[in-house]
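Work through two short exercises on the structure below. Try each task before reading its solution.

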Amino acid sequence: MPKSKQHRSDLVTCDQCGAVVRARGLVSHTESCTKKEQEWLEDEEFAGIVRKAEKKGQCSIHSSDVLDILYKPTHQLDDIQVKYHPHSQLPPSVHHFSEFSRSCPMEAAVPRNNSPWEPFCTRLDFEIAEIALEAAMTKEQTNRLLSLVHQSASGKDAFTLQNHDEVHSLWDLAFQHYTRFVRFIDELWTADVFWNVQSHLPLDAKPLVFILYADKNKLLSFGSQKGYPIIACIVNLPVHIRNSNTTVGGGRVVGWLPIIVENQKHTKKKKYVDFKNAVWHASFYQLLASVVKHSNTGFCADYEEQCVMALIWGLKGKFPCPICLVPQDQQSVLGTYELCTSRQSEDILHTARSMPSEKEKENHLKAFSLQNVQNVFSRILHTDVHHALSFDCLHTNEEGLWCNHLWKETKFWILGQNFDTLPRWSNLTHFSSVMAVDFTDGTVLGDPLKIIIFAAQDILSLSHCKLGYLLLCCIRYYIEFDVYASFKVHMEDTIAAGMLALQKFLEIMGEYITESQPKTMKNWNFPKKHLISHVFDDILAKGMTRNYSTKPNEKMHGSVQKIYLQCTNFKNVASQILHYDEWLLTSMSMRIKLDELDEYNQRDSLDPETNEILPDAGNLESTTVHAYLGSSQGNHSFSDIMHLHGTNRAFTDFWMKLNSFLNGFLPQNDIPLPDGRCIHLHAEDMVTEFWFLCIHYESLVGWCMHQDLLRCNLKFYGSPRYDCVLVSIADKPFFARFMYMFSCLIGGTDFPLALIYPYDVSIPSSHQRRDNDLGLWRVRAKPRSSSEIISVQSIIQGVALANDPETPGDYFVTHTVDNDIFLRIKALQAQPL
């Protein structure tokens, strides 16, 4: 039989849809038609139910409207997108925040939003759209949707969606909200320079980046002997490793530069200055020679060394900045200037050297503030010395603009009262007097900056000292800029906030300079006033400022000085110091392997303030517990507590308050009351007193776990110390001071609790202008009899409160001593009153 006839005879007609199909495919085709018919019947059934509901006025939903909703977003809030360099040939990947954790395991986070169905008006709006979005509309899904519709009709919730366009717009808005990725910057490889370097390398190559630091320093605090070490660290290692000089992977001394003996006859002569710079660059090249063909280098140094590296004239040059071409007389003015480049400098030097006379050469180079020396860094591939030089917080901010200028200007107006009244806090130097102190440690010097506003706000008031008040306003924004510059992780919004603080500082500072110069005769045209304008460009290019901080390298001067004093014969010391340093590195490498396990097991075991062993020291789970009490003072009955604290109104009705608290707290947290009855504690019942509390919390800046060590101690180093905290109850944060910390045994369970003194009284507007101008957050105490009991689990973190001498009972949150509380206060200040 012909094939064409055979095919025609093999065709049959479907009884359900009338289509002509092959006989051997009829069974599967019939099943498909049956399934389609069943789905159509279900759709009709659903549409009929909805039409009935509409006629009754119970629902305005249209079945045809909800079927065409966009696909739901596939990403979640706080998802992190990792974008790899094209050379890696890896596609971008998205990780849930919990999978991307950068620290030890954390307890479950408290939901940030109690209305997660937004931007939908109600939860029901979202749930109906979600079910319809699944598209298949099976019988089970239809029944589920109908159940929600009936729930709305019964009045238990409101269904507000009206039409197809509204559903579309809400899904679009939700998609934009939940899938917006924000860039964060911390390590150097998350910044622009590392990415750009990778782009210029072959596909199979990876960059090995290192930072070089050089600083001339005295080998003894007395005497004239100096050393000039070169310290190197590998940037590819995490910052906490490379910034440590006590472990393998930290910075190491890799060279020693010669120091030209000063000759008073020739010190200021141009040829002598050129000679010293030529010796410096020729010597530095000996270190770089082995990597000059394939190197990419960053440099950190103070201003004087940066001028030597860039071969500019420095303070007295027409363009004293090693980064950009800011004119010498414009350094105190806010502005943007052309960036320097190595190619530009080389072209200028080449042009000058082609001129016939020395005078013409000198004049041409002086016009650009350059020196007649060949820069060794021009011989290094992928390196522009002007771009490689990095902002130095220690020498530019703490020891520079703050110490030598703003601090001295502040002392011009005040005598230094109030510093001894400020609260003690971890990692913050407590001063009884600061005006006569000669600071030599840049880290300690930064502490007065953190608290100067709180110490001087009542002295330099607008009514008593207008210029002093204007200076405090300048310092307020300078502190904010300094805090943002020190962040360990930056987001796009924190960089923008830091740039805004810097702009505000420079603007108000310009006003202060104009007003104060006739009285103070201060010249503000100096490089470190201008260099701060480059800090956020450096953060975008090279990551956090701690990536290229000089502080770790400055610490190494101490070990060099120790070797010089104890292990040399004080003659030809460079080779002796370097040789001994090699021995130390070898010893460290051997010892670290032996101590690794002990160091791991003993981490966080000692209280940094008392050197006492912390509770649960060595217990790996202790760092995942949000709060735990320590320094037990034994058991005390309520009658004993009232006898001891009877004159303190905060303890009035202490155990009655505890009864009330427990009878509310336990049911609210789904904890059954003992025997189902209300708790009635008596005078002879016991609680356990504690003097110490450790709070673990997730940092807002770097998402790592931080801890606060808090005290409620009658005799902490001989003085009472009752720390303050930020508490969150019913999502309403407030500040409070510890009065008593204790645990109470109820139904076989110990509950860690605290008696607190709340600072949540509303503040009148009488102080509003000064508080706003100085960036202060004022809190006011309730009467002592209004003390409350809380669970220590409701504490967010510790905080220091500074007393306002002008208004008894008023305090200021010292938000400048801690980056997390700084961000929390900024968020509170941004809220509408």
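The exercises cover one sheet and one helix pair in this predicted model.

**Exercise 1. A sheet and its edges**

Task: Find the strand order of the open sheet that contains E20, E23 and E24, and state why one side of E20 and of E23 is left without a neighbour in the sheet.

Solution:
- Start with the order. The three strands run E20-E24-E23 across the open sheet, with antiparallel pairing.
- Now the edges. Strand E20 (778-780) and strand E23 (801-803) each have a single partner strand, so one side of each has no neighbour in the sheet.
- Add the twist. On average, neighbouring strands here are turned by 40 degrees against each other, direction ignored.
- Zoom in on one pair. Three bridges join E20 to strand E24 (residues 810-813) in the antiparallel sense.
- Pick one bridge. Arg778 has Phe812 in E24 as its bridge partner.

**Exercise 2. A helix pair**

Task: Classify the packing of helix H14 (residues 393-413) against helix H16 (residues 466-485) as roughly parallel or roughly antiparallel, then describe the contact.

Solution:
- Take the geometry. The angle between H14 and H16 is about 160 degrees, and their axes lie 10 Å apart.
- Apply the cut-off. Angles over 145 degrees count as roughly antiparallel, so H14 is roughly antiparallel to H16.
- Assign the hand. The crossing of H14 past H16 is left-handed.
- Inspect the contact. H14 contributes residues including Leu401, Trp402, Leu406 and Trp413; among those met in H16 are Leu471, Ile475, Tyr478 and Phe481.
- Sort by class. The contact of H14 with H16 holds nine nonpolar, three polar and two charged residues.

How values were computed
Residues numbered from 1 in each chain as written. Predicted model: local features only at pLDDT ≥ 70, side-chain atom pairs only at ≥ 80, totals over all residues. Heavy atoms only, no water. Pairing = 2+ DSSP bridges. Helix = DSSP H or I, 4+ residues; strand = E, 2+ residues; numbered from the N terminus. Axes fitted to C-alpha atoms, helices over the stretch in contact; angles between N-to-C directions. Parallel < 35°, antiparallel > 145°, perpendicular 65-115°, else oblique. Left-handed = near helix turned anticlockwise from the far one by under 90°. Contact = heavy atoms within 4.5 Å. Nonpolar A, V, L, I, M, F, W, Y, C, P; charged D, E, K, R; others polar.
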